[in-house]
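Welcome to this tour! Open your viewer, colour the model by chain, and get ready to select one piece after another.

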Amino acid sequence: MSDLKRIMKVAARIRKERLSGIRLKIMLPILLLFLPGMAWGFSDPNIVLPGGHQPDTAMEVLFYASLGVVFGATMCAVLMAFDGVSKDRASGMLEVRLAQPMPRKHQATALILGHAQSILVPVYALLFASVLVVQYRTGQWPTMIELLVYALSTGLVVFWYTLFALLASTSAREQGTAIAFGIGVWFFFTFLWALVTTMVAYASGVAVGEANDPAWVALEGMLDLLSPNGVYHHLLETQLPTVDRGVHAWQSWLAALLWTVLPWWALHRRMERLVP
Amino acid sequence: MGLAMAEPVLSFQSVQHRHAIPAPRLFKPWAKRAGPGIVGLSLDLYEGSVLGLIGPNGAGKTTLLRMMAGVLPVQEGSIEGRFDGQGWQPVDDLRQWVGHMPEQVRWQGRTTVYEALSQLGEMRGTSETKIQRLLALVGLRSRKDEALDNLSQGMRQRLSIAAALLGSPKVLLLDEPFNGLDPVAAEAFAALVRTLASKGVSVVISSHMVAQLEGLIDRIGLLHRGQLLDEGPLEDVERRLGLEGRYTITGQGEVDALSFAPADDVLEHHQDDDGWSLTVKQDPQSVLSAAMKAEANLTSWAPVRPNLVEWLCAATGMSVDDISLEVASSAMLPMRSVEVSEDE
């Protein structure tokens, strides 16, 4: 059996376990509410957003509905993967797995892919449902490129949070620490990042929260590259010609690459040194 | 396989693994230093032999087994193996050759026994036929569709040993395998170990309960504070440490049993309403003669093995009080060195 095939088999086992677990059944209503639910809400023809704005393209509706991904899907990714390693460590299974002649890097890759797939399967299914909802409500389809970017960037942000949760799981000796770390990272980037942006703006002498101030918009745009949620929105904004926050598309994709590679590398390194 | 024919299959030379323990400094709070572990250990494992690795809690038994299983890295020293009829060769990945059964794996969940083993088999590329054979070998074939949550402790241990045997290992490491087993399950487990040894597998069993290994092991290794104090065939180590020829003689009635043997030779003496017992470290013949001369009512005499504390006292040259049974500190005490002849 080739290494790749072995990795995919182990990943498939993790995916199957997680998809049939009770945890996903608990999270499904949340995902339903946050993904197609938000798409339904933002595609209302009579909706008026703050500032009197009305979304007028399918991609714009999907962009606003991506709030559901940021709040719901990423949290579910953390909840799905927070005990990916710590549970096995607590039960002694980690030692059994590490004693198998499968390189630890391969085991780490299988772990990442298995957990990412287990959350991406329902997320992609519901994203597809969201697109159908938007079409039903607005009568518009997103273009193929828009759809690809939307799916890819959503996949990436969910993948990043899966990586964070697994990384936390390798460091935690018990479940409580693992979930606290995973949820803590999610909370920081989802809720507290605005505070960080504000503080940096204040320290830089930029007028805080002035949506029409180019300096504020540029600063917020650059700082968002340091947040996975920010990068996610930058990627989506590449398909919104009316939005310009001073960040080039290549910068967004480069940041996405770094957010993918660095935690991936860190997790592989952790797995190499992991003591059961 | 008889001991005389046994050949070494795996050799560890001056291997070391010391745990990294936190040693925070003001400007480097993440700093670590080398703590306790295994230091300069050399050990040969023989085909078809069962080595009992004994030592108190914190002696380093689990660390040594994890190192031998390839789970912990060997920081210093070398490992050579002689598998598949080839000559001695450096071993890069021990996990190819060694099966490891960790202490107390909590198999849990709705996964079935067969699925659990198959999942591990995927990591090795083990065939389904092999998995079925293993389940039969460990006596779990009739339970293969049972959920892990429904298994008894004995069955979980059997599943653990099946997992360790997935790769048809030349060396099998069992970490405290008797923990939590009732006597019936323990005997069944011991029988399984004997079967594997008879097929040429080199088995290493760690335990802090020497009595559990009685009749199962043919070699013994004494581990204390990360160092192997002595290792070899059971009788040889006993002889080297002056622990051979111990007998317990029992009888009924109230007699002055202490008068049957010189005071220096008496290791233990009990007297109660049911009778008496005397453990001596000499040939029982003279004791039996003295007892018969005193018209004592003898009921039995049998050889006895030393217990863990006696082994360690003899190997370290320290008293019971001096031997700390706490977790070893990073300071490695110099131990009494015991010569091991090359032909062992």
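Is strand E3 (residues 50-54) of chain B largely enclosed by the rest of the structure or left open, and why? Keep in mind that you are looking at a predicted model. Now select residues 50-54 of chain B: five of the five residues of this strand are buried, so the strand is largely enclosed by the rest of the structure. Here, a residue counts as buried if 20 or more other C-beta atoms lie within 10 Å of its own. Turn the strand around and you will find both of its faces covered. Val50(B), Gly52(B) and Ile54(B) are buried on one side, and Leu51(B) and Leu53(B) are buried on the other.

**Next stop: the partners of E3(B)**

Keep E3(B) selected and add strand E8 (residues 202-207) of chain B. Five bridges join these two strands, which run parallel. Look for Leu53(B), whose bridge partner in E8(B) is Ser206(B).

Then add strand E9 (residues 219-224) of chain B. This strand also runs parallel to E3(B), with four bridges joining the pair. Here, Ile54(B) has Leu222(B) as its bridge partner. In general, strands of a sheet pair through backbone hydrogen bonds, either parallel or antiparallel.

**An open sheet**

For the antiparallel kind, stay in chain B and select strands E2, E1, E4 and E5. In that order, the four strands form an open sheet with antiparallel pairing. Which strands are at the edges? They are E2 (32-46) and E5 (89-90) of chain B, each pairing on one side only.

Zoom in on E4 (residues 76-81) of chain B, which two bridges join to E5(B). Show Glu80(B) and you will see it opposite Pro90(B) in E5(B). Now add helix H1 (residues 61-68) of chain B: this helix lies across E1 (8-22) and E2 of chain B, and runs at about 65° to E2(B).

**Stepping back: domains**

Show the whole of chain B and give each domain a colour. Domain 1 covers 3-25 + 32-240, and domain 2 covers 247-303. The C-alpha centres of these two domains of chain B lie 40 Å apart.

**Last stop: where the chains touch**

Bring chain A back into view. How many residues does each chain give to the contact? There are 21 residues from chain B and 18 residues from chain A. Select residues 113-124 of chain B to find helix H2, which gives the most to the chain B side, with five residues. Overall, the chain B side of this contact divides into eight nonpolar, eight polar and five charged residues.

How values were computed: Residues are numbered from 1 along each chain as its sequence is written. Chains are lettered from A and ligands numbered from 1 in the order in which they are written. This is a predicted model: local features need pLDDT of at least 70, side-chain atom pairs count only at pLDDT 80 or more; totals for chains, interfaces and linings use all residues. Two residues are in contact if their C-beta atoms, placed from the backbone, lie within 7 Å. Ala, Val, Leu, Ile, Met, Phe, Trp, Tyr, Cys and Pro count as nonpolar, Asp, Glu, Lys and Arg as charged, and the others, Gly among them, as polar. Domain bounds come from an automatic or database domain assignment. A residue is buried if 20 or more other C-beta atoms lie within 10 Å of its own, exposed if 12 or fewer, and partly exposed in between; C-beta atoms are placed from the backbone. Two strands pair if DSSP finds at least two bridges between them. Axes are lines fitted to C-alpha atoms, for helices over the stretch in contact, and angles run from 0 to 180 degrees between N-to-C directions.
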